[in-house]
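Colleague: I should be grateful for a close look at a single part of this structure. Please take one helix and describe how it is placed among its neighbours.

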Amino acid sequence: MSLLSERILNMSTSATLAMAAKARELRAEGKDIIGLSLGEPDFNTPDFIKDAAIQAINDNYNSYTPVDGYGELKDAIITKFKRDNNLTYNHSQIVVSTGAKQCLANIALVMLNEGDEVILPCPYWVSYSDIVKLSDGVPVEVKTSIETDFKMTPQQLEAAITPKTKMIWFSSPCNPSGSVYSKAELRALADVLQKHPNIYVVSDEIYEHINFSDGHTSMAEFEDMYDRTITVNGVSKAFAMTGWRIGFIGAPEKIARACNKMQGQITSGANCIAQRAVITALEASPSKVQYMIDEFKIRRDLVLDLLNNIDGFNANTPEGAFYVFPDVSEFFGKTLRGKTINNATDFSLYLLEEALVATVTGDAFGNPNCIRISYAASQEQLKEALKRIKEVVS
């Protein structure tokens, strides 16, 4: 009898966390590593949110929370959905979890049976595929390209659907590509799904506010998709609250109740102090964090300008999040400083070892030709990182 389950033995290690761990090891050896691998804002949580957490501590919030979240937080989430997304939910449709990642795990565990297929437009967030597999589902990857800004077309969606298709998962703005689906593009995908009424959509909108396009559209805004869409969101990215670990969903009531039941047997309710702070965050106008979005846009333009001066990198212009996802396949088969580059993983490791810059291989996101570069770092760090990269690939 094996000590460890087949479930854990077959599970991949998160590539983003693995690269961050490797970078930490090299730093501990005294090497000056510039980390552009983690999806984490480099800003501090705004003071008005921290003040709310301090007040909650002083008000003696220290007990177990309701499994699906405080009622006052649900009120704030409902207000946020209506204000920002034109979506109307009630308390029984909201579940607060320990981060958006737990939201996704809950959804997969309560909806997927063995053999159910989940369509994943590539590139996709690193954990989607393994969460689906953990829940006995089957990931179905739909390849996209830089020419379409890494967005799935209606024709590709139609071709990927089979009698076993249960769900489609995607993020907009997208991690890792920064792509943003326009309202017209989402409507075109929804039109395909109208022919397949039993397929549900998971719309991951955690980067909603870090958006440089004409605006954000939620799939659930379409009346004919509202009852078939689970909207996942949280405060990690826009409010620089990654460590506070609060995510939430708006979903059809039956699905929300099932997620509540699942969560009750795994973690129960999310952290009490963090929940109180998030009430304040969500009640505030999104303009309170606009300074972060403005800075991210400046950094995006800076990174693209510097990448355009490095031969071998082919980058499009991402419209959201804080990543660029350049195609680096021109380096494949080449030997740099005595090291042969066979794929994106080799190239990402090469940049870490030779340029001392941590990135993430596109293999982890379902695209083997690209690497992900996070620009959630200071302009000075970004300039130095791209200078180092240029030196080791020239």
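**Helix H12 and its surroundings**

Modeller: In this predicted model, helix H12 packs against helix H13, residues 379–393, with an angle of about 105 degrees between them and 10 Å between their axes. An angle from 65 to 115 degrees counts as roughly perpendicular, and H12 is therefore roughly perpendicular to H13. On the H12 side, this contact is made by Phe347, Tyr350, Leu351, Glu354 and Ala355, and on the H13 side by Arg388, Ile389, Val392 and Val393.

A second helix packs against H12 in another orientation: H2, residues 15–28, lies at an angle of about 20 degrees to H12, and the two axes are 11 Å apart. Angles under 35 degrees count as roughly parallel, so H2 and H12 are roughly parallel to each other. H2 passes H12 in a right-handed crossing. Met19, Lys22 and Leu26 of H2 make the contact with Ser348, Leu349 and Leu352 of H12.

As for the helix itself, H12 covers residues 344–355, twelve residues in number. From its first C-alpha to its last it reaches 15 Å, close to the 16 Å expected at 1.5 Å a residue.

The buried residues of H12 are Ala344, Phe347, Ser348, Tyr350, Leu351, Leu352 and Ala355. Several of these names recur in the two packing contacts. Phe347, Tyr350, Leu351 and Ala355 are buried and are among the H12 residues in the contact with H13. Ser348 and Leu352 are likewise buried, and they are among the H12 residues in the contact with H2. Glu354 takes part in the contact with H13 but is not among the buried residues of H12; Leu349 takes part in the contact with H2 and is also absent from the buried set.

The two ends of the helix may be described in turn. At the N-terminal end, Asn343 acts as a cap of H12, with a side-chain oxygen 3.2 Å from the backbone nitrogen of Thr345. Beyond the other end, Leu356, just after H12, takes a positive phi of about 60 degrees.

Taken together, H12 is a helix of twelve residues that is capped by Asn343 at its N-terminal end and followed by Leu356 with a positive phi. H12 packs roughly parallel to H2 and roughly perpendicular to H13.

Methods: Residues are numbered from 1 along each chain as its sequence is written. This is a predicted model: local features need pLDDT of at least 70, side-chain atom pairs count only at pLDDT 80 or more; totals for chains, interfaces and linings use all residues. Side-chain values use heavy atoms; hydrogens and water are left out. Helices (H or I, at least four residues) and strands (E, at least two) are DSSP runs, numbered from the N terminus. The expected span of a helix is 1.5 Å times one less than its number of residues. Buried means under 20% relative accessible area, exposed over 50%, partly exposed in between (1.4 Å probe, protein chains only). A polar contact is a pair of N or O atoms within 3.5 Å; within protein, one must be able to donate a hydrogen and the other to accept it, and residues adjacent in sequence count only if both atoms are side-chain atoms. Axes are lines fitted to C-alpha atoms, for helices over the stretch in contact, and angles run from 0 to 180 degrees between N-to-C directions. Angles under 35 degrees count as roughly parallel, over 145 as roughly antiparallel, 65 to 115 as roughly perpendicular and the rest as oblique. A crossing is left-handed if the near helix is turned anticlockwise from the far one by less than a right angle, and right-handed if clockwise. Contact means heavy atoms within 4.5 Å.
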